[in-house]
Amino acid sequence: MLFRSKRGQLDGRVGNLPAEQQTALRLQRDLELYTKLYTEMLNNAQQLRVSKAGTVGEARIIDSAVVASKPVSPKAALILAVALILGLLLSIVIIWVIRSLRVMVEDPDKIEKQIGLPVYATIPHSKTESSLAKEIKHGKKKGELLAIDFPEDDAVESLRSLRTTIHFALLDADKGSLLITGPSPDIGKSFISKNLGVVLAQSGKRVAIIDADLRRGHIHREFDMQREVGVSEYVSGTASLSEIVKQTEVEGLSVITTGQRPPNPSELLMHAHFGELLEQLGDLFDILIVDAPPILAVSDAAIIGRHTGATLMVARAGKHPIREIEQAVKRLGQAGVQVKGFVFNDMDTVRQRYRYGYHGYVYSYSYKKT
């Protein structure tokens, strides 16, 4: 309070002074203030210079920087290698998950237990047949059959055992004809048909193989024949029975090819002439083997099955869930065709797994170049 009172008195006295003296007094006061500030800043600057002069640097240059010839990062080769490995591992995991969800039949016992139909024969995987099929498909070889050129193959031995059971399949049948079909494409039904025909003929039977797969039939290639003049021509009335029956190099074995591919295969097979064809061939041969398209792809097998004495279904190891096979049997049953039994094809005797399957199958089955 005393300081404020004193200051008030001084301000009052200054206010009573003339204007020139007030200005001079203010300028004098500012000069004293600026002089004091300048002196303090000068002292601080001097202290900083002294401190800087007395400081010893701790950082030292050991080596001069060198510019690299290649970029340090990113390492493209390493990244690509790691990405490739991770992609491969991820693909394997995805494939394993898909195969685990879609369980395939690997053991013929599962068919007998869950469907209740006998498996007449189990055909092991044949590497020789795989190589032969590829060479014939690409036109490198013609007229070669596993049962003729490699009679000691394990698959041929299994077909010989099937030959002995064919008698039981046709035991109650009024016709000596055998329909061979399957649930889906690419299961080896044509392989079974042609080689079974050979081993049956080699036992002294008169056998005719009828290629009734008018869409993709290819049995003529294995016997080095032309497709033309076959089932299509006979049913349409442009060829006689003697013209379509073609003798093979195997004694007692004949082949009836598909003929020209018709625009309406199912309607052609429903014609009365097709039933007449099987009846006339039945009078000439002991056993007829009719190779038909897969039942879940097209209805041709159900049409043909009404004219044959027995029906065998081919199932391929690792190809079908059990529900798919059940659906195929049911589809034939709904058409009045009873499946006598199964031929389990392409079985890997080293790898067998027991799995459970699910249902729901759609297949495309169209014309294919030969």
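## Close-ups of an eight-stranded sheet and its neighbours

**View A. β7 and β8 run parallel and are joined by six bridges.** Strands pair here if DSSP finds at least two bridges between them. The strands (E, at least two residues) and helices (H or I, at least four) are DSSP runs, numbered from the N terminus. This is a predicted model, in which local features need pLDDT of at least 70 and side-chain atom pairs count only at pLDDT 80 or more, while totals for chains, interfaces and linings use all residues. Residues are numbered from 1 along each chain as its sequence is written, and side-chain values use heavy atoms, with hydrogens and water left out. Look for M313, which sits opposite F342 in β8; T181, in turn, stands opposite M313 in β7. Six of the seven β7 residues are buried, so the rest of the structure largely encloses this strand. "Buried" is under 20% relative accessible area, "exposed" is over 50%, and "partly exposed" is in between (1.4 Å probe, protein chains only).

**View B. The whole sheet, from β1 to β4.** Eight strands make an open sheet with mixed pairing, in the order β1-β8-β7-β2-β6-β3-β5-β4. The edges are β1 (119-124) and β4, each of which pairs on one side only. Helix α7 (residues 154-169) packs on the sheet and touches β1, β2, β6 (287-291), β7 and β8 (339-347), with its direction at about 170° to that of β1. Touching means contact, that is, heavy atoms within 4.5 Å. For the angles, axes are lines fitted to C-alpha atoms (for helices, over the stretch in contact), and values run from 0 to 180 degrees between N-to-C directions. Also in the sheet, strand β2 (residues 177-181) pairs with β7 (residues 310-316) in the parallel sense over four bridges, and L179 has T311 as its bridge partner in β7. Another helix, α13 (residues 272-284), lies across β3, β5 and β6 and runs at about 145° to β6.

**View C. β5 (residues 253-256) is covered on both faces.** L253 and V255 are buried on one side, and S254 and I256 are buried on the other. In a regular strand, side chains alternate between the two faces of the sheet. Strand β3 (residues 207-211) pairs with β5 in the parallel sense over four bridges, with V207 matched to L253. By contrast, β4 (residues 246-247) runs antiparallel to β5, with two bridges between them; here K246 has V255 as its bridge partner. β4 and β5 make a hairpin with five residues between them, and G252 in that turn has a positive phi of about 90°.

**View D. Two aspartates with a positive phi, D346 and D224.** Most residues other than glycine have a negative phi. D346 lies in strand β8, and its phi is near 60°. Is D346 buried or exposed? D346 is buried, because its relative accessible area is 17%. D224 has a phi near 55° and belongs to the loop between α9 (219-222) and α10 (231-236).

**View E. R261 and R215, brought together from 46 positions apart in sequence.** Their C-alpha atoms are 6.4 Å apart in space. R261 is in the loop between β5 and α12 (265-269), and it counts as partly exposed because its relative accessibility is 25%.

**View F. A nonpolar patch on the surface, with L86 as one of its residues.** The patch covers about 690 Å² and is made by L78, V82, I85, L86, L88, L89 and I92. Patches use residues with over 30% relative accessible area and no salt bridge; like charges are joined within 9 Å, and nonpolar side chains (Val, Leu, Ile, Met, Phe, Trp, Tyr) within 5 Å. A salt bridge is a side-chain nitrogen of Lys or Arg within 4 Å of a carboxyl oxygen of Asp or Glu. L86 is in helix α3 (residues 76-101) and is exposed, with a relative accessible area of 54%.

**View G. The protein as a whole, with 15 helices and eight strands.** Of the 370 residues, 41% are buried. The protein exposes about 22,000 Å², with carbon and sulfur atoms supplying 57% of it. Areas come from the Shrake-Rupley method with a 1.4 Å probe; for residues, only the protein chains shown count as cover. Among contacts with a separation of 6 or more, 81% join residues 24 or more positions apart.
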